Amino acid sequence: MIERISFAWRSLQRKRGRSLLTILGIVIGVASVTVIGNISQCGSNALNTEMDSLGLSGLTISASSSALLEQETLETIQQSSQVEQAMPVMMQTTSVSARAQQSDALLWGVDENANKIISIDVLYGRGLNRQDVSLQKNVCLIDEGFSKAAFGRSNSIGKSVSILCGGSQQTFTIVGIVKTGSGLLQSFMGSYIPSFIYIPYTTMQSSLGRNTFDQIAVRIAEGEDADWVGKNLTETLDRLSGVQDGYLSNNLVKQKDTLASILNILTLVLSAVGAVSLLVASLSIMTVMLVSVHERTREIGIKKAIGAQRAVILQEFLWEALLLSFTGAVIGVIVGTGSSYLGAMMFGISLIPRMDIALFAAGFSIVSGVIFGVYPAMKAAALLPIDALRTDL
């Protein structure tokens with residue numbers, strides 16, 4: 001077998017330019033499918049991280065116009081054995097300024113359990129604590145991007161920012177710097193994504209002159225079904241408050257899974273489009289092999305005249321087709337994976353390569369290349385020695 005591979009390789013080297021172009025077509029096809037798969041993986045990871053950072057990793061309980069979310073509502077939810085953590089959430093679009101820097105912001109009113117429910121990643125300083133909440137302190141957590149823009153560095157602990165809250169500008173002391181999500185959306189959309197500011201929900205209630213919440217974020221206990229827990233909680237709250245359909249449960253885990261499924265479908269569609277280029281590259285293998293058969297007709301005739309069997313000629317051309325497709329597939333996987341890593345480094349995101357898609361693309365390329373090489377190989381093997389020797393090239 002080694003001898004046949006060596007002979008096939010020497011045959012391909014006779015027309016290096018043609019062989020390299022054929023391999024290049026396969027490389028581009030395999031690399032494109034590999035990159036598509038890796039982009040999808042990065043997108044899925046970023047989507048999960050971004051949604052977790054927004055509290056989309058469990059349930060949210062909201063109220064209709066006939067009901068209210070108050071402290072008693074929160075305590076009822078917290079006492080449920082199906083609930084691991086529950087936290088009041090208040091949200092307001094606003095603006096934040098420091099020095100000469102001003103930015104649109106999404107202001108979150110949360111409590112000391114925020115990092116357990118909405119995955120706040122504190123880079124510097126600390127998160128909110130129980131004292132901050134009970135004393136309604138004017139302290140805040142700001143995201144790293146705004147800290148860099150306003151103060152020229154990531155760590156701006158102890159500095160002050162001015163936040164428009166409840167219709168008036170208030171001064172807050174920075175106690176923590178957080179990194180919201182993966183930063184991928186921020187990298188692509190820049191200023192279209194607002195800064196994230198976290199303050200004690202009691203401080204926000206005082207500024208707005210209210211004692212209710214916008215939502216209650218719930219992390220369910222391990223092993224519990226989110227839909228079932230949400231239904232039980234809303235039914236309990238309706239019964240205790242004496243209203244009908246006053247409370248609504250939103251299963252954000254299911255929404256996240258739905259978005260991930262849509263992204264996976266999109267990946268399959270794009271991969272299928274990339275697979276078309278693999279078919280085109282495989283067709284180029286058949287073209288190259290047909291030309292090779294034509295150019296080597298006399299050589300084939302001589303081999304058959306001295307006793308070469310049909311199977312030997314067939315295997316000779318099949319090995320050439322296999323070498324072309326295998327070489328292109330291997331280089332394509334390397335180029336695609338390498339390009340994906342470079343792109344991930346540029347955007348500052350982590351990459352877990354989709355080797356299943358890469359191997360599928362490589363395998364598809366190799367199999368299709370061999371299949372398209374069968375016809376030229378059979379044509380070469382079927383040549384009669386006398387006809388081949390008569391051919392004038």
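Which element gives the most to the lining of the second largest pocket? Before I answer, a word on what we are looking at: this is a predicted model, in which local features need pLDDT of at least 70 and side-chain atom pairs count only at pLDDT 80 or more, while totals for chains, interfaces and linings use all residues. Residues are numbered from 1 along each chain as its sequence is written, and side-chain values use heavy atoms, with hydrogens and water left out.

The answer is α2, with seven residues; helices here are DSSP runs of H or I with at least four residues, strands are runs of E with at least two, and both are numbered from the N terminus. A pocket, on a 1 Å grid over the protein atoms alone, is an open set of points where a 1.4 Å probe fits, with protein on both sides within 12 Å along at least five of seven lines, and lining residues have an atom within 4 Å of a point. In this pocket the lining numbers 20 residues, and N38, I39, S40, C42 and G43 lie nearest the centre. Two or more lining residues come from each of α2 (16–53), α7 (184–189), α10 (252–295) and α12 (310–347). By character, the lining divides into 13 nonpolar, seven polar and no charged residues, where Ala, Val, Leu, Ile, Met, Phe, Trp, Tyr, Cys and Pro count as nonpolar, Asp, Glu, Lys and Arg as charged, and the others, Gly among them, as polar.

Let me turn to the aromatic rings. Rings of Phe, Tyr and Trp (its six-membered ring) pair if their centres lie within 6.5 Å, and planes under 30 degrees apart count as stacked, over 60 as edge-to-face and the rest as tilted; by this rule there are four aromatic pairs. One of them, W108 with F196, is stacked, at 6.3 Å centre to centre and 20° between the planes. Because W108 sits in strand β3 (residues 101–110) and F196 in strand β8 (residues 195–200), this pair ties together parts that are 88 residues apart in sequence. W108 is buried at 4% relative accessible area, buried meaning under 20% with a 1.4 Å probe and protein chains only, and F196 is buried as well, at 9%. Y198 joins W108 and F196 in one aromatic cluster.

Y198 also appears among the contacts (heavy atoms within 4.5 Å) of V139, together with P200 and others, leaving aside neighbours within four places in sequence. V139 belongs to strand β5 (residues 139–143) and is buried, at 9%.

Definitions and conventions. Buried means under 20% relative accessible area, exposed over 50%, partly exposed in between (1.4 Å probe, protein chains only).
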